[in-house]
Amino acid sequence: MAETAEQPNGTSAGSADNEYFATNPKPATLDHQSPIARAFINQHASQNRKVALVTSGGTSVPLENQTVRFIDNFSAGTRGATSAEYFLENGYAVIFLHRQFSLLPYSRHFSHSTNCFLDFMTHDEAGAVVVEDEFQQQMARVLDRYKKAKRENALLILPFVTVNEYLWMLRELAMLMQPLGSNGLFYLAAAVSDFFVPAARMVEHKIQSSEDFYEAETNGEDAKPPAAHMEGKSLVIDLDPVPKFLKQLVDAWAPQSMIISFKLETDPKLLAKKARYALEKYSHHLVIGNMLNTRKWEVVFVSAAGGESWIRVPAERRTKSAMGKDLMESAQSQEPAVEIESLIVPEVAKMHVEMIERAKSRSR
Ligand code: 9Z3
């Protein structure tokens with residue numbers, strides 16, 4: 001634990017959350033990732049550069065310690081990976097905390113298209129591997145931005161898989177980011193599971209579906225049964241709620257940073273209401289609400305200062321990828337397509353500048 005960030009001060013809101021970290025194991029990779037993140041943050045803090053922590057992708061909930069089966073949350077990582085690029089364009093350094101193998105900034109333009117990445121390549125006359133003529137322009141544009149981010153060491157990519165890894169990493173990074181003060185920004189686009197299997201109720205081995213092989217694992221007679229277990233021929237899964245970490249983040253881990261959460265719904269009647277509820281409950285800066293089916297062309301901003309306002313991509317400017325087609329294809333269409341993140345991120349950056357100005361005038 002020597003290299004990891006110091007423990008946060010407990011708050012009355014945080015006892016359930018502190019209990020979480022006392023009873024669910026620290027990921028093996030944290031001690032390796034923490035000093036890397038610390039060096040990245042210190043570099044940008046010393047340059048007075050704004051740093052955005054962008055979370056992205058779904059968090060998995062393993063049912064077994066030696067995991068064969070798990071429950072997952074929907075997310076391809078498009079929102080996070082795309083937003084990360086626009087934060088970089090807006091002058092931020094970005095820590096990209098993402099679900100392993102979900103979309104990544106820059107490579108997303110090629111990795112998840114309907115083409116295999118080899119389809120972008122060909123041989124030139126001398127036999128060297130080169131990019132096909134038709135993709136040259138677009139690839140050059142992406143490559144230049146990627147190389148600039150690398151040159152400036154402005155993008156740190158860190159993976160997680162489970163919701164437990166996500167929560168430990170989020171807490172660690174938040175505490176490491178404290179020296180940034182109001183220059184720190186949290187953009188929580190990852191789809192975080194509301195339910196999980198606590199370590200104390202996790203079975204070690206693959207749950208056997210056949211009654212002939214199933215042996216109940218127990219932790220003593222009085223203990224609750226494992227969260228996932230067989231009852232006759234049925235698999236019963238009894239999950240615990242994930243503690244409301246946003247409260248801890250706002251109150252204890254990152255009290256000076258700008259914090260933006262996302263709210264995903266499928267019922268349009270609930271979206272704005274639940275976004276407002278989250279804002280009131282956690283008192284952070286902004287909730288961005290989105291519907292599963294329309295998330296690529298409309299979102300609602302809900303904030304204390306600005307009330308409720310919608311951001312929409314006009315119908316004729318929607319990316320083809322937003323309608324389930326290939327992004328490369330859209331890049332070649334005549335009307336340049338608009339990614340909604342290109343509208344969201346500058347708005348967020350503007351609000352962040354205003355917040356920094358307010359913080360400065362308070363400390364004068
Ligand atoms: C979102 O709402 C993201 O925008 C999406 C992005 C997951 C819809 P894709 O990756 O999708 O582009 O395919 N994230 C949900 C954030 C979330 O889970 N929020 C929790 C909550 O509101 C915790 S902050 O309770």
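This short presentation describes a helix pair, a nonpolar core and one loop residue in a predicted model.

Good morning. I shall begin with two helices, H2, which covers residues 30–46, and H6, which covers residues 163–176. Their axes come within 10 Å and cross at roughly 30 degrees. Because angles under 35 degrees count as roughly parallel, H2 is described as roughly parallel to H6. The crossing of the two helices is right-handed.

Which residues of H2 and H6 meet? From H2 come Leu30, Ser34, Ala37, Arg38 and Ile41, and from H6 come Trp168, Met169, Glu172, Leu173 and Leu176. Sorted by class, this contact holds 7 nonpolar, 1 polar and 2 charged residues.

I turn now to the core. The largest nonpolar core has 79 residues, and those that touch the most other members are Val94, Ile95, Leu173 and Tyr187. Helix H6 gives the most to this core, namely 9 residues. As general background, nonpolar side chains tend to be buried together in soluble globular proteins.

Leu173 deserves a second look, since this residue of H6 also takes part in the meeting with H2. If neighbours within four places in sequence are left aside, Leu173 is in contact with Ala37, Leu53, Ile95 and Leu97.

Finally, let us consider Gln208, in the loop between strand E9 (195–196) and strand E10 (228–231). Is Gln208 buried or exposed? A residue counts as exposed if 12 or fewer other C-beta atoms lie within 10 Å of its own. Gln208 has 11 such neighbours and therefore counts as exposed. Its C-alpha atom is separated by 9.0 Å from that of His229, which is 21 residues away along the chain.

Thank you for your attention.

Notes. Residues are numbered from 1 along each chain as its sequence is written. This is a predicted model: local features need pLDDT of at least 70, side-chain atom pairs count only at pLDDT 80 or more; totals for chains, interfaces and linings use all residues. Axes are lines fitted to C-alpha atoms, for helices over the stretch in contact, and angles run from 0 to 180 degrees between N-to-C directions. Helices (H or I, at least four residues) and strands (E, at least two) are DSSP runs, numbered from the N terminus. Angles under 35 degrees count as roughly parallel, over 145 as roughly antiparallel, 65 to 115 as roughly perpendicular and the rest as oblique. A crossing is left-handed if the near helix is turned anticlockwise from the far one by less than a right angle, and right-handed if clockwise. Two residues are in contact if their C-beta atoms, placed from the backbone, lie within 7 Å. Ala, Val, Leu, Ile, Met, Phe, Trp, Tyr, Cys and Pro count as nonpolar, Asp, Glu, Lys and Arg as charged, and the others, Gly among them, as polar. A residue is buried if 20 or more other C-beta atoms lie within 10 Å of its own, exposed if 12 or fewer, and partly exposed in between; C-beta atoms are placed from the backbone. A nonpolar core is a set of buried Ala, Val, Leu, Ile, Met, Phe, Trp, Tyr and Cys residues joined through C-beta atoms within 7 Å.
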